[in-house]
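Visitor: I would like to go through this model with you, one question at a time. Please define each term when you first use it.

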Amino acid sequence: MLPESVTLSDKIQANVSKPSFFKSLSPGENWKSQSMRMIPEEFVRSTPGAFEHRVVCSVRWGNSWQLWLERDKNGLFMIEEDWNGFVDHNLLSPNDSLLFTHEDDMFLEVRIFKNNADEVMTSPLDVEPETETVHPNPPNFHQATTAASTSFSAVGGNTNGRVRQVTINNPERYLLNPASPFFVKTLTKKNDVLYMRQLVIQTYHLRFGAHNSPITYILPQGNKEEGLTKIYGGVPCFNGWTTVCRKYNLQTGDVVVCELERSGGIVTAVRLHFVNE
């Protein structure tokens, strides 16, 4: 590791109270080198049982990536396909540095720094579109007369570098309450928690309960599954999503209209509508 990077690492980590580790490139390495995929053993020992099979990495602007893990005689590694996707999506360059901080079991916050130590706080310009789409107008501006002509495209089913487009015609027709905030979710190959993207939050001015406050998934025929609100790096998401996907056999590329229900202005439930276009 270059001396300048060591200095940056020490400076940043000195202000981090949770277990963390720092990555920057040494001569001859690139971000897709095997060494960059390795999770340091010292960090693993400091977080016993937290990272066994997978990890979710979230960045400052709300995007998250789930990376599966594999262990061999040399240590614990993020699998190559997942790690390379993270590198490509964040346009990592040779002079970048990354700080990984343990937020909760299976969750890491990743802070990205450029060579002058400036932290990256917004999404790179050519990152692929988010996997959720929202109604273009906030709840107070729903136009019932245009419902028949409204369509949404959701990105999903990313396999071998190809992205499948699923067009959803008039997603409002699935809503129990036409004035409810909602977004369209297309399942990727790995689903751990249900993320709330900044676009959704800002469009509907959403508010959320505290970390570990209860959330309810309302499913077809009135069935319910319970989950918890999680706040990582200021970004909310809901756990229990894995249980829903497994119980209802949701697969990569399947589409769900997520209708949000609020109590006292706080999101307390997600009503799920499975789409069969």
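Visitor: Is Phe-100 buried or exposed?

Guide: This is a predicted model, in which local features need pLDDT of at least 70 and side-chain atom pairs count only at pLDDT 80 or more, while totals for chains, interfaces and linings use all residues. Residues are numbered from 1 along each chain as its sequence is written, and side-chain values use heavy atoms, with hydrogens and water left out. Buried means under 20% relative accessible area, exposed over 50%, and partly exposed in between, with a 1.4 Å probe and protein chains only. Because its relative accessibility is 0%, Phe-100 counts as buried.

Visitor: How many aromatic pairs does the structure hold, and how are the planes of Phe-21 and Phe-100 arranged?

Guide: Rings of Phe, Tyr and Trp (its six-membered ring) pair if their centres lie within 6.5 Å, and planes under 30 degrees apart count as stacked, over 60 as edge-to-face and the rest as tilted. The structure holds nine such aromatic pairs. In the one formed by Phe-21 and Phe-100, the centres are 4.6 Å apart and the planes make an angle of 5°, so by the cut-off for planes the pair is stacked.

Visitor: Which strands does this pair link?

Guide: Helices (H or I, at least four residues) and strands (E, at least two) are DSSP runs, numbered from the N terminus. The two rings belong to distant parts of the chain, 79 residues apart. Phe-21 is in strand β1, and Phe-100 is in strand β6 (residues 97-104).

Visitor: Which residues do ring pairs link into a cluster with Phe-21?

Guide: Phe-21 is itself buried, at a relative accessible area of 4%. Ring pairs join Phe-21 into a cluster with Phe-43, Phe-51, Trp-65, Trp-83, Phe-86 and Phe-100.

Visitor: Which residues of helix α4 are buried?

Guide: Contact means heavy atoms within 4.5 Å. The buried residues of helix α4 (residues 80-89) pack against α2, β3 (54-58), β4 (64-72), β5 (75-78), β6 and β7 (107-113). They are Asp-82, Trp-83, Asn-84, Phe-86 and Val-87.

Visitor: What is the phi of Leu-91?

Guide: Leu-91 lies in the loop between α4 and β6, and is partly exposed, with a relative accessible area of 37%. Although the residue is other than glycine, its phi is positive, near 50°.

Visitor: What phi does Met-106 have?

Guide: Met-106 is found in the loop between β6 and β7, where its relative accessibility of 25% makes it count as partly exposed. It is not a glycine, yet its phi is positive, at about 70°.

Visitor: How many bridges join β17 to strand β18?

Guide: Two strands pair if DSSP finds at least two bridges between them. Strand β17 (residues 255-263) runs antiparallel to strand β11 (residues 182-186), with five bridges, and Phe-183 has Cys-258 as its bridge partner in β17. β17 and β18 form a hairpin with two residues between them, and Gly-264 in the turn has a positive phi of about 60°. The strands β17 and β18 (residues 266-275) also run antiparallel, and the number of bridges joining them is nine.

Visitor: Why does Cys-258 not form a bond with the closest cysteine sulfur?

Guide: A disulfide is a pair of cysteine sulfur atoms within 2.5 Å, and the structure holds zero disulfides. Cys-258 is buried, with a relative accessible area of 0%. Its sulfur is too far for a bond from the closest cysteine sulfur, in Cys-245, because the distance is 9.6 Å.

Visitor: Which element gives the most to the largest nonpolar core?

Guide: A nonpolar core is a set of buried Ala, Val, Leu, Ile, Met, Phe, Trp, Tyr and Cys residues joined through side-chain atoms within 4.5 Å. The largest one has 31 residues, and those with the most contacts inside it are Met-196, Leu-206, Phe-238 and Leu-272. The elements that give two or more residues to this core are β11, α5 (198-204), β14 (214-218), α6 (241-247), β17 and β18. The element that gives the most, with five residues, is β17.

Visitor: How many residues are in the other core, which lies apart from it?

Guide: That core includes Leu-25, Val-59, Leu-92 and Ile-112 among its members. Its number of residues is 28.
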